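Thanks for making time this morning. I would like to walk you through one structure, beginning with how its chains meet and then turning to a sheet within one of them.

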Protein chains: 2
Amino acid sequence: MTKRIVIIGGGFGGLYAAKTLAKTAASITIVDRRNYHLFQPLLYQVATAALNPSDIAAPIRAVLRKQKNASVIMGDVQTIDLEKRIVTMADGELAYDILIVATGATHSYFNHPEWEANAPGLKTIEDALEIRRRVLRAFEAAERETDPERQRAWLTFVIVGAGPTGVELAGALSEIARQTMLRDFRRINPTSARVILVEGKERVLPPYPPPLSAKAADQLRTLGVEVVTNAQVTRINDHEVCIGDTTIPTRTILWAAGVQASPIAKSLGVPLDRAGRVLVEPDLSIPGHPEVFVIGDLAAVTNDDGSLVPGVAPAAIQEGIHTAENIARLLNYQPPLPFRYRDKGSLATIGRAAGVADFGRLKLSGFIAWAAWLAIHIFFLIGFRNRVLVILQWAWAYLTYQRGARLITGKTEPLMKE
Amino acid sequence: MTKRIVIIGGGFGGLYAAKTLAKTAASITIVDRRNYHLFQPLLYQVATAALNPSDIAAPIRAVLRKQKNASVIMGDVQTIDLEKRIVTMADGELAYDILIVATGATHSYFNHPEWEANAPGLKTIEDALEIRRRVLRAFEAAERETDPERQRAWLTFVIVGAGPTGVELAGALSEIARQTMLRDFRRINPTSARVILVEGKERVLPPYPPPLSAKAADQLRTLGVEVVTNAQVTRINDHEVCIGDTTIPTRTILWAAGVQASPIAKSLGVPLDRAGRVLVEPDLSIPGHPEVFVIGDLAAVTNDDGSLVPGVAPAAIQEGIHTAENIARLLNYQPPLPFRYRDKGSLATIGRAAGVADFGRLKLSGFIAWAAWLAIHIFFLIGFRNRVLVILQWAWAYLTYQRGARLITGKTEPLMKE
């Protein structure tokens, strides 16, 4: 009988696993609660009004259209029954012979879930549109506000966490204030906006080599970002953030810190790490269940030197491909091979024509790092159409300093109410 | 003292009025509850996943950036006090010397407001995204449904109202089912979807000459749309629509009928027509208040032959420009001139390479009408960037039969729950 392979999650890990399994005789079902694959590395560009949601997303079933052994269903998986080999969704069940769990992670508020309402994170398209709404509304409210102190609070933006997402958000926000909005207002001066980037560790981009962190901090400061390191957030509410003993009045706080694995990991009943990630075997299967694999941000995978494989798209892609190859081996009664992460380097942009890149011995910063980032992200963007549209919008933005998606959509509520 | 001109609404009427007033010495404030001008004639393309919201919207303050006598504020106007000459927003007030009210209209449910939840209309970007969500989810739910009758209901789409919006929606939905989705599903055959267009009057596109209505109906049928005329909707709920005595099981009903003026008209205390539109004077001012003008879909403007000026973008634009010119005359102590609508023709598309156009003696249908529609809509689209992106996306869609914005965003809820 044809083996039933179920893949939960259509992110980088799940999608590359499904594609790599095209040649096997198995029947593959990919289940996701969204109908699209999201190119998460560019999500901050939606949050900062540079790109449209559909520029960085592609329907999973359109991506897998030609793969006859794959079917796609939209469903929200709640639990996994390892004994009965059944995946339970909110509204149905799926039986499997082999399972890949790739449901990813979200941000963690370090035991302060109440902070989320006033400091949204950036993991989904809805998150990105909510951040875009808050940022653009803050400038509109500042234009209407007559009290200088309150105006100041509307024009203060605080980003918590200086990993790649935080750095990219801070750079983009500063550009919006200093360039995009430059001549659009009559009462406020958008260039007076403060963008404050707060990091708990001693430098920005902690996973990068210290010299690149220093260069990133320099480039951020050149863009007008205030960089605050070694600083803990102690309170967040709807009109201020406390960093250590300092209180900053602000109406816009963005959260780019912490990692919390998808809650589905718990239903597996296997050991998890502190962030809720599954401690997988060397072949990415789970203890006692060689037919169940966990990949991507949901998996805690250890390198030979004891360090953790980072939660980035290239790692998820490698894990997806490796797992698909292991499944092909299993179907041929061959033993699985252990996974080895090949670190091809890290890249982060810091606004217009600035960035840092770490390719092992080759370390870049400034324009050339930004150009490398551009080329690589366009190359990996799924879909020819998306590539063309993204290139065009970036070219337009680069030449005009404008951003094309400056729409305040979603909830409507009075700007000036307390 | 500089005269204060307040314009409520940044649609076609308000925006063209503001631009035409650039040369006057007055100070202009344009207030809108949105931060963007929406190119409403293309909204159905967002609802049917062909374009992105920001392709058809531009920030009002970016459009008016260089016009030094204009400022833009985001605010939701609730009432107008004609005696005190004050406009009251949800969160503040604006004083005026001269006022232009251009808040437009929405759809009317003909005394059945309870139908709205199950038959959303199409006036805002949020409406368009909600329609897109429902249409795309219906195909996903049909793929998961095992009961053939329920599957049939998920694959039945009913559009109420066969004006231009209804006709355009019906044509686009039929194309989605027959072309875009063609090879994307494994269990359902998307081409078996029914698209039913219901019209109360005796023919589709009632304002067009009868021969063009007949051609439009032919083109719709060629696309697979079932056209039902002389038919009244008598009941709508979450699983069916009743048309006369016939009950059609369906999970997706779209509303494209009726016109209801913005409720702000009532606060003027002047005579309104049945749809709530303001019965304006020949110069578009309101009775007894030569300093207050009502334009666009909010105004009931009568042609010399007694017919009503249609609620279309070209009429709103002409009214906006005419009112701005009248205001310049008022500021020079000259009497205002009466408004005369110059009908330049009507155009509607019916999907890929089909449409009808009525330019008086010149009547077109099929490919040439569609090409005219394309050229005119691109020409009038606000912003160079939007034009380029829309052309590209249309070209891509034309060549590949694909639609770029096939994302189910917004509310997440189980697909298969009752």
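**How the two chains meet**

Between them, chain A and chain B bury about 4900 Å², and 54% of that area lies on carbon and sulfur atoms. Please keep in mind throughout that this is a predicted model. I quote the area first because the size of an interface is often given as the accessible area lost when the parts come together. In terms of residues, 56 of chain A are in contact with 56 of chain B.

How are the two copies arranged? A turn of 180 degrees, with a shift of 0.0 Å along the axis, lays chain A on chain B with an RMSD of 0.0 Å, and the two copies are therefore related as by a two-fold rotation axis. Since 100% of the interface residues of chain A are also interface residues in chain B, the copies meet through the same surface.

Let me turn to the polar side of this interface. There are 27 residue pairs in polar contact between chain A and chain B, counting pairs with both residues at pLDDT 80 or more. On the side of chain A that touches chain B, at least two residues each come from strand S4 (57–59), helix H3 (60–63), strand S5 (70–74), helix H4 (125–144) and helix H10 (384–400) of chain A, with H4(A) giving the largest share, seven residues. By character, the residues on this side of chain A divide into 25 nonpolar, 14 polar and 17 charged.

Now the salt bridges, of which the structure holds 34 over all chains, while the count between chain A and chain B is six. In one of them, Arg65(B) is paired with Asp184(A), and the closest N and O atoms are 2.4 Å apart. In another salt bridge, Arg144(A) is joined to Asp91(B), with 3.0 Å between the closest N and O atoms. This pair crosses between chains, running from Arg144(A) in helix H4 of chain A to Asp91(B), which sits in the loop between strand S7 (86–89) and strand S8 (92–95) of chain B.

**A sheet in chain A**

Strand S5 of chain A, which we met at the interface, also belongs to an open sheet of six strands, in the order S5-S2-S1-S9-S21-S20 with mixed pairing. Which strands form the edges? They are S5 and strand S20 (285–286) of chain A, each of which pairs on one side only. The partner of S5(A) is strand S2 (residues 27–32) of chain A, and the two pair in the parallel sense over five bridges. Within this region, Asp32(A) stands opposite Met74(A) in S5(A).

Methods:
Residues are numbered from 1 along each chain as its sequence is written. Chains are lettered from A and ligands numbered from 1 in the order in which they are written. This is a predicted model: local features need pLDDT of at least 70, side-chain atom pairs count only at pLDDT 80 or more; totals for chains, interfaces and linings use all residues. Side-chain values use heavy atoms; hydrogens and water are left out. Contact means heavy atoms within 4.5 Å. Buried area is the accessible area (1.4 Å probe) that two parts lose on being put together, summed over both. A salt bridge is a side-chain nitrogen of Lys or Arg within 4 Å of a carboxyl oxygen of Asp or Glu. A polar contact is a pair of N or O atoms within 3.5 Å; within protein, one must be able to donate a hydrogen and the other to accept it, and residues adjacent in sequence count only if both atoms are side-chain atoms. Helices (H or I, at least four residues) and strands (E, at least two) are DSSP runs, numbered from the N terminus. Ala, Val, Leu, Ile, Met, Phe, Trp, Tyr, Cys and Pro count as nonpolar, Asp, Glu, Lys and Arg as charged, and the others, Gly among them, as polar. Copies are superposed by least squares on the C-alpha atoms of residues with pLDDT of at least 70 in both. Two strands pair if DSSP finds at least two bridges between them.
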